[in-house]
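Hi,

Here is the structure I said I would pass on. Have a look at it first, and then read my notes below.

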Amino acid sequence: MSERANVLVVGGGIIGTSLAWSLAARGIADVVVVDLDLAGVYASSELNAGGVRATWWQPVNVESCRITLDFFAQHREQFGFKSSGYLWLYADADLFARALVARELQAEQGLEVAALDRSEVLQRFPLIDRHTEEIIGATFSPRDGLVNPNAVRDWYRSEALKLGVRFLNRHYVAGVETALSGAGPLRRVEAIDVIEVDTGADAAGSLREILTTHRVPRALQGEERRIPCDTLVNCLGAWSPILSAKIGIRDVTEPVRRQIALVDVHNEDVASGVDLGEIGMLVDTSGLYLHPEGSFILAGYSTPDEPPGFDFQYDGASFFEREIWPRLAHRASSFERCAHVRGWAGLYAVTPDRSGIAGAVKGFANLFEAHSFTGRGVMQSYAVGQSMAELIDLGRYETVDLAPLAGDRFDDPERWVSEELHI
Ligand SMILES: Cc1cc2nc3c(=O)[nH]c(=O)nc-3n(C[C@H](O)[C@H](O)[C@H](O)COP(=O)(O)OP(=O)(O)OC[C@H]3O[C@@H](n4cnc5c(N)ncnc54)[C@H](O)[C@@H]3O)c2cc1C
């Protein structure tokens, strides 16, 4: 079998896998996905919070998330999709006023979002009983909710496999061959250079070393080879700038660590436990977010001064004691006595306007990109995969017009797609 790929997708996270399936579902043959680690031990698709909502402030984000949530609803059981709602608390009058304006855009997309005043919040969500005078209002969006991101990615992958997509695991993309296209000033991607990787006994340690230093230690290197392709798509998430640098193109993405803690509110000292009632995802005025996770709650907080970097260090109990517990106890008396169970750190791929990057790469005839969906990649995955497959196949978008997300928008601040309610 020829190794040549028709479409070569670099990165087998939820975005690359959705795209590969969407391409194959359109009848495109010879789609190949290349990834260092298809299990995704350090991939954002493995380490996220599983929250999904369509209630954004930018039309392209609202539409792509709404369509993805509709798709999740069609596979509710398989994906563990629960439309349990997002409750978003506000303490800032200006932000709340703008959230209410955004409801009009969300309503145009068929999303009903309730605006609640303080007394309605307290009546409907009695869990919230501390420092309630800070809360000036809230939005509750019942169609938003929670999903099992691994189940979604695995579904995309198994459907893609059935349609003949090839997945190359333990392959590190070390280089990209480009040439002038022959017609006009556009360049073409000719091939990628891959190194097969033998992670040895300490697979997680080896993967971490490679994904933080961006080189494969000689002892782990297997066969090196070149895979020619007709089309290349960068779906590397937080690692997209590493590939972009090899190609010699600008990439504004920065990897930023985000930490999540599992919290036991049903520990021995708390006999009654905590009932989150109607709440799917709760976003507090402090920026803390939480949702039920089995018998625990999953709580996350994005420290605003987190420096960019490929950092997977979870700060453990000190993160819980510094960032999570004080915010939990500040908002609900029933959270006061709770225990840190464990947690983890993953990467947000952050852009200057907090929206993802998707489209054809300027200056190239056959290079595309779909990456850097910050904290939104799961909830945009279906619509982005479908729309990018249309662009590659037909030269135009049909499902969602992703043109606002083109990477060259960063040349012009007027074209930024600025999102604010990111957590
Ligand atoms: C803590 C946290 C919470 C989040 N919460 C949510 C949430 O609630 N809802 C939501 O929608 N999103 C959330 N996100 C964001 C979401 O997880 C991401 O946007 C999404 O998973 C990105 O998917 P991806 O396929 O672009 O990238 P990834 O899943 O990161 O995949 C990139 C792949 O590239 C591979 N790779 C890297 N370099 C190379 C190379 N040189 N060669 C070969 N392979 C390589 C990696 O192995 C990896 O598998 C969260 C993220 C984090 C970190």
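Starting with the ligand: a backbone N or O atom of M379 lies 3.0 Å from one of the ligand's oxygen atoms. Please keep in mind throughout that this is a predicted model. Two other backbone contacts go with that one. A polar backbone atom of G377 is 3.0 Å from an oxygen atom of the ligand, and for T374 a backbone N or O atom sits 3.1 Å from a ligand oxygen.

How much of the ligand's accessible area does the protein cover? On its own the ligand has 1,000 Å² of accessible area, and the protein covers 97% of that.

The elements that each put two or more residues into the shell around the ligand are these:

- helices α1 (14-25), α2 (44-47) and α11 (377-394)
- strands β9 (171-180), β12 (254-264) and β16 (339-350)

There are 34 residues around the ligand, and D35, S44, S45, G51 and V173 come nearest. If you are thinking about the chemistry of the shell, its residues divide into 17 nonpolar, 13 polar and four charged.

G377 deserves a second mention, as it lies in helix α11. Is G377 buried or exposed? With a relative accessible area of 15%, G377 falls under the 20% cut-off, so it counts as buried. The C-alpha atoms of G377 and C338 are separated by 30 Å, with their positions 39 residues apart along the chain.

Next, α1, one of the elements that contribute to the ligand shell. This helix has 12 residues and reaches 16 Å from its first C-alpha to its last, close to the 16 Å expected at 1.5 Å a residue. Helix α1 is mostly covered, with 11 of its 12 residues buried. The buried residues are I14, I15, G16, T17, S18, L19, A20, W21, S22, L23 and A24. Just after α1, G27 has a positive phi of about 90 degrees.

Then there is α10, which covers residues 317-331. Its 15 residues reach 20 Å from the first C-alpha to the last, close to the 21 Å expected at 1.5 Å a residue. Where does α10 bend? The bend is at I324, by about 40 degrees, and a proline, P326, follows within four residues. The buried residues in this helix include F319, F320, E323, I324 and R327, and L328, A329 and R331 are buried in α10 as well.

F320 is worth picking out of α10. Its relative accessible area is 6%, and since buried means under 20%, F320 is buried. The C-alpha atoms of F320 and V263 are 57 residues apart along the chain and are separated by 8.6 Å. P326, the proline that follows the bend, has its C-alpha 28 Å from that of S83, which is 243 residues away along the chain. S83 itself is found in the loop between α4 (76-79) and β4 (86-90), and S83 is partly exposed, with a relative accessible area of 34%.

If you check backbone angles, two residues should go on your list. Most residues other than glycine have a negative phi. H131, though, has a phi near 50 degrees, a positive value in a residue other than glycine. H131 is found in the loop between α6 (118-124) and β6 (137-141), and it is partly exposed at 35% relative accessible area. R354 also has a positive phi, of about 65 degrees, although it is not a glycine. R354 has its place in the loop between β16 and β17 (357-360). At 27% relative accessibility, R354 counts as partly exposed.

One last residue, P292, has its place in strand β14 (residues 289-293). Its relative accessibility is 32%, so P292 counts as partly exposed, between the 20% and 50% limits. The C-alpha atoms of P292 and M281, 11 residues apart along the chain, are separated by 7.9 Å.

Cheers

Technical notes:
Residues are numbered from 1 along each chain as its sequence is written. This is a predicted model: local features need pLDDT of at least 70, side-chain atom pairs count only at pLDDT 80 or more; totals for chains, interfaces and linings use all residues. Side-chain values use heavy atoms; hydrogens and water are left out. A residue is near a molecule or strand if one of its heavy atoms lies within 4 Å of it. A polar contact is a pair of N or O atoms within 3.5 Å; within protein, one must be able to donate a hydrogen and the other to accept it, and residues adjacent in sequence count only if both atoms are side-chain atoms. Accessible areas come from the Shrake-Rupley method with a 1.4 Å probe; for residues, only the protein chains shown count as cover. Ala, Val, Leu, Ile, Met, Phe, Trp, Tyr, Cys and Pro count as nonpolar, Asp, Glu, Lys and Arg as charged, and the others, Gly among them, as polar. The expected span of a helix is 1.5 Å times one less than its number of residues. The bend at a residue is the angle between axes fitted to the seven residues ending there and the seven starting there. Buried means under 20% relative accessible area, exposed over 50%, partly exposed in between (1.4 Å probe, protein chains only).
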